[in-house]
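Hello,

Please find the structure below. My notes on the findings follow it.

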Amino acid sequence: MGRFFSSTKKSVSEESREDLPCMAEGLASHSHAIQVCEIVAVHKTKDDDSKETRKIFYISRTRQHQWRCDDVTFHSANQGLCEQWIQVINEQLSLLTNRPKSLLVYINPYGGKRRGRRIYEQKVAPLFRRACILADVIVTERANHARDHLKTEANLDKYDGVVCVGGDGMFSEILHGLITRTQTDNKVDHNQPDAELVPCSLHIGIIPAGSTDCICFATVGTNDPVTSALHIIVGDSQPMDVCSVHHNDSFLRYSVSLLGYGFYGDILTDSEKKRWLGPARYDLSGVKTFLSHNYYEGRISFLPAKNNNGDPRDKLQCLSGCRICQHKPSSTDTQWEMSEEKEKSDKDGMGGWSVITGKFIAINAASMSCACPRSPQGLSPSAHLADGTTDLILVRKCSRLNFLRHLLRHTNKEDQFDHSFVEVHRVRKFRFQPRQHELVSLEDLSQSPKKTGFSPICSAQTTCNHSTSHSSWTCDGEILPNVAIQVSVQCQLIRLFARGIEEQQQKCVLEDPCTLSAPEQSTYQSVD
Ligand SMILES: CCCCCCCCCCCCC/C=C/[C@@H](O)[C@H](COP(=O)(O)O)NC(=O)CCCCCCCCCCCCCCC
Ligand SMILES: Nc1ncnc2c1ncn2[C@@H]1O[C@H](COP(=O)(O)OP(=O)(O)O)[C@@H](O)[C@H]1O
Ligand SMILES: [Ca+2]
């Protein structure tokens with residue numbers, strides 16, 4: 001994309017102003033070049049002397065992946081030249097066909113600190129208006145309102161994208177609504193675990209207003225409503241994997257972030273009772289679950305990813321334009337792999353599947369890094385957003401102190417997989433089967449797989465039945481009704497209005513000449 005403006009570094013005085021046919025207001029020593037794709041809009045405005053001027057709104061980068069909408073003002077003695085500039089900019093903007101013109105927005109007014117509505121009205125809607133985007137807004141009135149509306153009612157032909165104002169749970173509603181609608185429209189039965197799902201055509205934008213917001217954080221690099229709104233406005237596109245979760249060949253749910261059994265499942269179950277606490281509920285339930293120090297027995301079977309998918313410990317972070325994610329397997333690849341898998345399974349009965357049985361404190365499947373403010377590198381720092389795999393992290397039974405060491409490593413740059421009791425595998429599919437416990441007698445209780453600190457599962461007078469020795473799965477923050485599950489990663493099933501984490505903050509100050517033909521004689525400087 002061409003850069004629009006070249007610039008002079010010299011500061012221009014009042015006297016010299018008249019010599020310059022077209023320039024910006026408030027001339028400073030800083031000079032900017034703006035990429036056309038990062039211009040938000042051009043608007044007519046009045047300056048202090050009620051003279052008509054033009055403002056160009058554009059994206060500027062601040063710290064830690066945050067974007068802001070800045071503006072510069074054109075002043076010119078030569079109105080014609082000014083108009084020419086504006087016309088060229090608008091022509092260039094009209095060529096950017098990936099930008100959304102019409103959006104369907106769902107707001108969860110109860111997510112996070114209950115600020116969703118205010119965040120949208122004060123920070124996002126004014127930017128959409130500035131970018132001339134039409135938005136139909138629905139403030140949800142109950143859980144699953146957005147999901148059900150998308151599934152059946154919404155006229156999706158009218159829109160270029162769907163925007164979710166809320167947390168990961170609200171995102172999950174939008175995800176389920178859109179995927180289900182797409183499969184229904186295409187007559188795909190998602191109850192079949194091997195069904196080839198049809199990718200959704202509408203992009204999803206996330207305005208973070210929840211408790212964790214890890215899907216936003218891991219795809220944008222920050223939880224900031226203005227930054228997310230700007231990614232939506234410029235029509236960024238980030239493909240993303242979706243795990244489909246089945247129980248006994250019937251569909252349960254989709255997941256894009258964390259599928260967690262044991263530690264995170266228990267935190268989520270406990271935290272649901274404390275919703276009134278807002279985001280702090282996770283910390284309280286986290287401490288409680290940590291002190292309980294439970295472990296669970298079960299069998300994990302998984303189909304490892306291919307070698308070219310890298311390794312969870314290779315420290316190759318998934319960044320904007322990630323090479324690993326660009327290699328999307330075609331459907332012929334997948335068919336070939338399936339026949340190869342079948343052939344192998346005929347030979348050894350396992351088809352390349354590995355099986356691990358044991359006692360686990362946590363079983364986590366991270367389809368993306370799951371980076372969030374609590375853990376800026378995430379549960380699996382090298383997981384990829386769109387490579388068709390999920391990172392399966394198994395934390396075996398260990399001492400409280402060792403588990404704490406492992407947890408603490410999520411908050412710094414140390415390798416959380418570098419423990420004897422932790423293993424991690426990059427997989428395309430996995431299954432979990434909990435150990436079915438027989439009714440156990442009181443003598444067996446000392447050997448019970450579920451030891452408790454805070455809330456004993458078995459009171460001294462009773463026997464322990466198998467249901468108490470199971471945890472639950474949390475699926476992007478929602479609790480699954482079943483424990484035995486089959487999971488399969490669907491490569492790049494959805495697209496977000498995001499671009500992944502940008503490697504470096506791009507510099508705004510560029511000295512090279514403009515590559516786009518601009519009207520002659522123009523000098524431009526930006527307002528700071
Ligand atoms: C000692 C400190 C240890 C900090 C360890 C932090 C690990 C955090 C990893 C978080 C992964 C999050 C994955 C995302 C999940 C979300 O989809 C999902 C839903 O989000 P929503 O509410 O926006 O709808 N959110 C969650 O599942 C929340 C998970 C929160 C986990 C908090 C863990 C706190 C652990 C505290 C341990 C304390 C030990 C204290 C010892 C005295
Ligand atoms: N109007 C509503 N009333 C009650 N619950 C809702 C409403 N809209 C959405 N929800 C549900 O609220 C839950 C949490 O939403 P989310 O936006 O993820 O917030 P948080 O991050 O705080 O969990 C989700 O399960 C979602 O289905
Ligand atoms: Ca992935």
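How do the residues of the shell around ligand 1 divide into nonpolar, polar and charged? The count is 14 nonpolar, 12 polar and 5 charged. Bear in mind that this is a predicted model.

**Ligand 1**

The shell around ligand 1 holds 31 residues. G167, S211, T212, G286 and G477 are the closest of them. Four helices each give two or more residues to this shell: α5 (168-185), α8 (263-272), α9 (280-292) and α12 (400-408). The top contributor is α9, with 5 residues. Two domains are well represented around ligand 1. Domain 2 (103-236) and domain 3 (241-323 + 349-440 + 462-493) each supply at least three residues.

**Ligand 2**

Ligand 2 has 21 residues around it. The nearest are G111, G166, G167, G169 and G210. Note G167: it is among the closest residues to ligand 1, and it is also among the nearest to ligand 2. Here α5 gives the largest share of the shell, 4 residues. The class split is 4 nonpolar, 13 polar and 4 charged.

**Domains**

The protein chain is divided into three parts. Domain 1 covers 1-97 + 509-528. Domain 2 covers 103-236. Domain 3 is made of 241-323 + 349-440 + 462-493. The C-alpha centres of domain 2 and domain 3 are 25 Å apart. Their contact takes 23 residues from domain 2 and 28 residues from domain 3. On the domain 2 side, the elements that give two or more residues are α5 and α6 (214-220). The largest share of that side comes from α5, with 6 residues. By class, the domain 2 side has 10 nonpolar, 10 polar and 3 charged residues.

So much for the domains. Helix α5 recurs in these notes: it gives residues to the shell around ligand 1, to the shell around ligand 2 and to the side of domain 2 that touches domain 3.

**Helix pair α8 and α9**

Both of these helices give residues to the shell around ligand 1. How do they pack against each other? Their axes come within 8 Å and cross at roughly 125°. That angle makes α8 oblique to α9, because it falls outside the ranges for roughly parallel, antiparallel and perpendicular. The crossing of α8 past α9 is right-handed. From α8, the contact uses F263, D266, I267, D270 and S271. From α9, it uses R281, Y282, S285, G286, K288 and T289. One of these, G286, is among the closest residues to ligand 1. The contact of α8 with α9 has 3 nonpolar, 4 polar and 4 charged residues.

**Helix pair α3 and α7**

Helix α3 covers residues 116-130, and helix α7 covers residues 225-233. They pack at an angle of about 30°, with axes 10 Å apart. Angles under 35 degrees count as roughly parallel, so α3 is roughly parallel to α7. This crossing is right-handed too. On the α3 side, the contact residues are I119, K123, V124, L127 and F128. On the α7 side, they are P225, V226, A229, L230 and I233. The classes here are 9 nonpolar, no polar and 1 charged.

Best regards

Terms used:
Residues are numbered from 1 along each chain as its sequence is written. Chains are lettered from A and ligands numbered from 1 in the order in which they are written. This is a predicted model: local features need pLDDT of at least 70, side-chain atom pairs count only at pLDDT 80 or more; totals for chains, interfaces and linings use all residues. A residue is near a molecule or strand if its C-beta atom, placed from the backbone, lies within 6 Å of it. Ala, Val, Leu, Ile, Met, Phe, Trp, Tyr, Cys and Pro count as nonpolar, Asp, Glu, Lys and Arg as charged, and the others, Gly among them, as polar. Domain bounds come from an automatic or database domain assignment. Axes are lines fitted to C-alpha atoms, for helices over the stretch in contact, and angles run from 0 to 180 degrees between N-to-C directions. Angles under 35 degrees count as roughly parallel, over 145 as roughly antiparallel, 65 to 115 as roughly perpendicular and the rest as oblique. A crossing is left-handed if the near helix is turned anticlockwise from the far one by less than a right angle, and right-handed if clockwise. Two residues are in contact if their C-beta atoms, placed from the backbone, lie within 7 Å.
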